[in-house]
Amino acid sequence: MSILNLRGNAEDPAFRNAVLRALKLELPVQPCSSVADHLYRLVWVGPDDWFVVGPKDQASAIEATLRGELAGTHHAVTDVSGGYTVLHLSGRPVREVLAQGCPLDLHPRVFKPGSSAGSLFFKASMWLWQTDVAPTYEVLVRSSFMGYFWLMLERSTQECGLVTRRFQ
């Protein structure tokens, strides 16, 4: 997947409109939220900070589009694809698996589709968001922590099993 870090002033209508023109998505400005369509996901990371997740090998094109639309606004766009990995986690026991190492309350009354948050999975920092009511989560993990994260995920799924699939 392509992963970019986008920084800018969410209170500036020109910035928000430029992102909308570039990605055809409204910038999520509510803390701990995310929005998505069939191509992109925008994840709120902080008051002036977002992750843009897009199709694999498209980081340069996404970056160029954003830079073109954001010209004249105060912004930063950085390709961080090499530093992060996104995992898709789904299945009936996924909340219980994540709860073994994550202190967030992932109960459906609290954490719903569109919710996002930074947290830990055991000792690895992560950013996660829920994509549907199934529930399915996407987890953003620093590549340098991926081995540890995967080890802890395997140990957390011993009772229910772990099935791996590759997405393009």
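Which residues of helix 4 (residues 146-156) are buried? They are Met146, Phe149, Met152, Leu153 and Ser156, where buried means under 20% relative accessible area and exposed over 50%, with partly exposed in between (1.4 Å probe, protein chains only). This is a predicted model, so local features need pLDDT of at least 70 and side-chain atom pairs count only at pLDDT 80 or more, while totals for chains, interfaces and linings use all residues. Residues are numbered from 1 along each chain as its sequence is written, and side-chain values use heavy atoms, leaving out hydrogens and water.

**Helix 4**
- Look down the axis of helix 4 and its buried residues fall within an arc of 130 degrees (taken from the directions from the axis to the C-beta atoms), so they line one face of the helix.
- Those buried residues pack against several elements, including helix 3 (94-99) and strand 8 (124-132); helices (H or I, at least four residues) and strands (E, at least two) are DSSP runs, numbered from the N terminus.

**Helix 2**
- Here the buried residues are Ala59, Ile62, Glu63, Leu66 and Leu70.
- They cover an arc of only 100 degrees around the axis, which puts them on the same side of helix 2.
- Flip to the face turned away from that buried side and you'll find the exposed residues Ser60 and Gly68.
- Just after helix 2 comes Gly72, with a positive phi near 90 degrees.

**Gln130**
- Gln130 sits in strand 8 and is buried, with a relative accessible area of 2%.
- Leaving aside residues up to four places away in sequence, Gln130 touches Arg95, Phe111 and Tyr137, among others (contact means heavy atoms within 4.5 Å).
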